[in-house]
Amino acid sequence: MSALPTRLVIDRTACAGHGMCYSAAPALVESDEQGDPVILLDPVPDTHRSDADTAVSVCPERALSLARTTPLPASEETSR
Ligand code: SF4
């Protein structure tokens with residue numbers, strides 16, 4: 001059985017839009033037009049795992065986490 005992919009997950013209720021995550025890991029997270037983070041690579045490739053760890057560690061709201069799970073269908077993603 002293969003391992004589940006690693007995903008960056010944003011807790012939209014905790015996110016305050018500081019932007020530190022997309023400054024720390026611009027290949028993984030960018031800002032949308034409202035200043036909210038958008039995940040660019042889902043799942044996180046092994047080559048970007050260190051960047052993902054950095055993005056999680058710099059978030060002052062603890063709104064970012066890494067999860068090993070299958071991606072949700074787009075219709076079930078948390079709305080902003
Ligand atoms: S650093 Fe944390 S609080 Fe700031 S935009 Fe990123 S996820 Fe949101």
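**Briefing: loops, core and ligand shell**

Let's start in a loop: the one between strand 3 and helix 2 is where you'll find Pro43. Keep in mind that you're looking at a predicted model. Its mean pLDDT is 88, with 85% of the residues at 70 or more. The protein has 2 helices and 4 strands, and from the N terminus on they come in the order β-α-β-β-α-β.

**Confidence and overall layout**

- Among the elements, mean pLDDT is lowest for helix 1 (residues 20-24), at 94, and highest for helix 2 (residues 49-58), at 97.
- As a reading tip, predicted coordinates shouldn't be read in detail where pLDDT is low.
- The protein has 80 residues, and 18% of them count as buried.
- If you take the contacts with a separation of 6 or more, 61% of them are between residues 24 or more positions apart.

**The loop between strand 3 and helix 2**

- Pro43 is joined to Asp42 by a cis peptide bond, with omega at about 5°.
- That's one to notice, because most peptide bonds are trans.
- Leu40 is in this loop too, which follows strand 3 (37-39).
- Is Leu40 buried or partly exposed? Leu40 counts as partly exposed, because it has 15 C-beta neighbours inside 10 Å, and buried would take 20 or more.
- Leu40 and Val29 sit 11 residues apart along the chain, with 5.4 Å between their C-alpha atoms.
- Leaving out residues up to four places away in sequence, Leu40 touches Ala27, Leu28, Val29 and Glu30.
- His48 has its place in the loop between strand 3 and helix 2 as well.
- With 19 C-beta neighbours inside 10 Å, His48 is partly exposed; the cut-off for buried is 20 or more.
- His48 and Leu28 are 20 residues apart in sequence, and their C-alpha atoms are 7.8 Å apart in space.
- Setting aside neighbours within four places in sequence, His48 is in contact with Ala27, Leu28 and Leu41.
- So Ala27 and Leu28 turn up twice: they are on the contact list of Leu40 and on that of His48.

**The nonpolar core**

- The largest nonpolar core has 13 residues, and the members touching the most others are Leu8, Cys21, Ala25, Leu28, Val29 and Ala55.
- Which elements supply at least two residues each to this core? Strand 1 (6-10), helix 1 and helix 2 do.
- For Ala25, the contacts beyond four places in sequence are Asp51, Ala52, Thr54 and Ala55.
- Ala55 is itself listed with Ala25 among the core members that touch the most others.

**Around the ligand**

- How many residues surround the ligand? There are 13, and the closest are Cys15, His18, Met20, Cys21 and Cys59.
- Sorted by class, that shell holds 9 nonpolar, 3 polar and 1 charged residues.
- Cys21 does double duty in this picture: it's one of the closest residues to the ligand and belongs to the largest nonpolar core.

**Arg62, a backbone oddity**

- Arg62 is in the loop between helix 2 and strand 4 (64-68).
- Arg62 isn't a glycine, yet its phi is positive, at about 55°.
- This stands out because most residues other than glycine have a negative phi.
- Why does Arg62 count as exposed? Arg62 has 11 other C-beta atoms within 10 Å, and exposed means 12 or fewer.

Technical notes: Residues numbered from 1 in each chain as written. Predicted model: local features only at pLDDT ≥ 70, side-chain atom pairs only at ≥ 80, totals over all residues. pLDDT = per-residue confidence, 0-100. Contact = placed C-beta atoms within 7 Å. Near = placed C-beta within 6 Å. Nonpolar A, V, L, I, M, F, W, Y, C, P; charged D, E, K, R; others polar. Core = buried A, V, L, I, M, F, W, Y, C linked by C-beta atoms within 7 Å.
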